[in-house]
Amino acid sequence: MTETTTYRNALQLTSMLLEYRLESVLGAGGFGMTYLGWDTHLEKHVAIKEYLPTDLAVRALDGSIVPITTELKYNYQWGLERFILEARTLAKFSHPHIVRVNRYFETNGTGYMVMDYEKGESLNQMLKRGQSPDEAKLKGILMPLLDGLQAVHAAGFLHRDIKPSNIFVRESGSPVLIDFGASRQAVGGATKSLTSVLTPGYAPLEQYTGDGNQGPWSDIYAMAGVLYCALTQDNPPDAVSRMKADTVTGKLAMMRGRVSEPFLRAVEWALAVDENQRPQSVDEWRRALQGAAAAPVTARPGVQTVPIARRDVAVAPAGTAAAAQSTPRTEPRRVTRPPQEPKSGWRWVGIGALALVVVFAASAWNKQRQAERRAADELAVEQRAAKQQEAERLAKERRAAERLRLEEREARAREAERRAMERETELRRANEERSRQRFAGAGPGDVRGDHRPPPETWRERPPRERDERPYPDDHDGPRRRAEADFRSADRNGDGYLSREEVVGRPLLVKEFHRIDTNGDGHVSPEEFMRFRKAMFQNFRK
């Protein structure tokens, strides 16, 4: 039974990341984690890479990524910016042999890039199974990758982390280059020694210093290291150790007979320690691999090119006839001579002193950068605090202004209500005064004080005066006046009266809850007419 690998620092599986449902963890490293996700919109599998440098940040309980300390926050943010830059750059490429980035976004305090999910296995997995590919198969994998790498270099971008595990072979046999290392390079240069973030054997010497002369020749060195591993079934020696004792030439010499001589020399050419002695472009190296151009002989200390016999010809002692006959059948070949020991120890003393100077200078430079970063962080904190105080002050002023406007509106409403009540009181007094005068002028037989003129008098009046006569037995007049009052109060014309529309009419304001019989907060025409009818009947009584 196969044991399932548990990734304790991963997001919870089956959870949603925007529209992507996380199904499993494809892999994890010191700088990120890759998930297999299901795109619920497009209904297909995708690979989602998360920026998670374990030396700088940890995952919080809510799933977000936070820096371990405030001092590492600057470095973490710097690496995140490089991660997003890497995703943005890769999204511009549409090459069949370069990993396709469809989308990138920031959430949970970190960055994510969404890539096509390919079925297959890495070249590293193939080599671990003992599959040693021949030259034809190696070229079938290498040449498409060189096309993609040339497109990346043409855009001014470098991979910086080519190795067997970053070369993926699809089920169809088509290779693709994955996991560009720009963000790791940036983070490593900011936080720790580069030797801890580089892949020994595949990183050229110029990648061991922050100001190294990196270029297309750096990726070519790493790709040649992949070929070295495929041929010898062993990782290339570290570039730093090769400066003292280089075994690359001897190991590659053992491959003669398995691969062609131009191919072998092209691999050795690309693995030169000095970047100036390597191919300077992918196209130049491709021609050497295919035999279209001869790879130059690389001169290094301890390595010398001398003519030796072919394997099928016996080597005779010098000065014999057999040696003379075998001479025309020789070919140039490199043999490694052991480096001679220095005659004096002063050379190593000088090297040690130089190394100490470099270490002290690097330490002083690193301390200065840390001090500058702390000063920048403190300045940023002060600026944020000042901005927050300014925002709070502006918010307080806005609240005070809003409160003042509300008080002014309430005061105007109270004043309007007071004036309306005064007008209502004056009208009521005027009506009472007219009623008293009407009753005072009535005859002895007119107990109700009805002093209307005789019918023959008002029938001769114009129609308008007859329709608007304010007499108690006028049944149509009160209804028309009530309808006119309702229309004048309904300012928005929606056929209902709200509490805001009856402001300025004290009686309606006071009796609004009684008029609104259904309690919906609005007075309908029927409710208004019932209220006026009740008032009219009470007045009749």
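Two strands count as paired if DSSP finds at least two bridges between them. With that in mind, this predicted model can be entered through its first hairpin. Strand S1 (residues 16-17) and strand S2 (residues 20-28) pair in the antiparallel sense over two bridges, and Met16 stands opposite Arg21 in S2. Two residues separate S1 from S2 in this hairpin, and Leu18 in the turn has a positive phi of about 55°. A further hairpin follows, with three residues between S2 and S3. Here S2 and strand S3 (residues 32-39) are antiparallel and share seven bridges; in S3, Tyr20 has Asp39 as its bridge partner.

These strands belong to an open sheet of six, arranged in the order S1-S2-S3-S4-S8-S7 with antiparallel pairing. S1 and strand S7 (101-107) stand at the edges, and each has a single partner strand, so one side of each is left without a neighbour in the sheet. For S7 the connection runs to strand S8 (residues 110-116): six bridges join the two, which are antiparallel. Arg103 has Val114 in S8 as its bridge partner. As a guide to reading such a sheet, the side chains in a regular strand alternate between the two faces.

A wider view helps to place the sheet. The protein chain has 17 helices and 13 strands. Of its 541 residues, 34% count as buried. The chain exposes about 32,800 Å², of which carbon and sulfur atoms supply 54%. Among contacts between residues at least 6 apart in sequence, 55% join residues at least 24 apart.

Aromatic rings offer some landmarks to look for next. A pair of aromatic rings is described by the distance of the centres and the angle of the planes. Five aromatic pairs were counted in the model. The rings of Tyr51 and Tyr76 have centres 5.3 Å apart and planes at 35°, so this pair is tilted. Tyr51 lies in strand S4 (residues 44-51) and Tyr76 in helix H1 (residues 73-91); the pair links distant parts of the chain, 25 residues apart. Both Tyr51 and Tyr76 are buried. Phe105 and Tyr112 form a stacked pair, with 5.4 Å from centre to centre and 20° between the planes. Phe105 counts as buried because its relative accessibility is 9%, under the 20% limit. Tyr112 is buried as well, with a relative accessible area of 0%. Together with Tyr20, Phe105 and Tyr112 form one aromatic cluster.

The buried interior can be followed through its nonpolar cores. The largest has 67 residues, of which Leu146, Ile167, Met223, Leu227, Trp285 and Leu289 touch the most other members. Helix H5 (residues 216-232) gives the most to this core, with eleven residues. Trp285 is a good place to explore it: leaving aside neighbours within four places in sequence, the contacts of Trp285 include Leu142, Leu146, Ile220, Met223 and Leu227. Trp285 also touches Ala266, Val267, Trp269 and Ala270, among others. These last four appear among the buried residues of H8. Helix H8 (residues 261-270) is mostly covered, with seven of its ten residues buried. A second, separate core of 13 residues includes Leu17, Met33, Tyr112 and Val114.

Charged side chains add another set of links. The structure holds 24 salt bridges. In one of them, Asp147 meets Arg286, with the closest N and O atoms 3.0 Å apart. Asp147 lies in helix H3 (residues 135-154) and Arg286 in helix H9 (residues 282-289), so the pair ties together parts that are 139 residues apart in sequence. Asp147 counts as partly exposed at 38% relative accessibility, whereas Arg286 is buried, with a relative accessible area of 11%. Salt bridges that share partners join Asp147, Asp283, Arg286 and Arg287 into one network.

Asp234 and Lys251 form another salt bridge, with 3.5 Å from N to O. Asp234 lies in the loop between H5 and helix H6 (239-242) and Lys251 in helix H7 (residues 248-253), so this pair ties together parts that are 17 residues apart in sequence. Asp234 is partly exposed at 38% relative accessibility, and Lys251 is partly exposed at 28%. A salt bridge also joins the side chains of Arg256 and Glu261 (3.0 Å, N to O). Arg256 is buried, with a relative accessible area of 17%, while Glu261 counts as partly exposed at 22%.

Definitions and conventions: Residues numbered from 1 in each chain as written. Predicted model: local features only at pLDDT ≥ 70, side-chain atom pairs only at ≥ 80, totals over all residues. Heavy atoms only, no water. Phe/Tyr/Trp six-rings, centres within 6.5 Å; stacked < 30°, edge-to-face > 60°. Buried < 20%, exposed > 50% of the residue type's maximum accessible area, 1.4 Å probe, protein only. Core = buried A, V, L, I, M, F, W, Y, C linked by side-chain atoms within 4.5 Å. Contact = heavy atoms within 4.5 Å. Areas by Shrake-Rupley, 256 points an atom, 1.4 Å probe, with all protein chains shown as cover. Salt bridge = Lys/Arg side-chain N within 4 Å of Asp/Glu carboxyl O.
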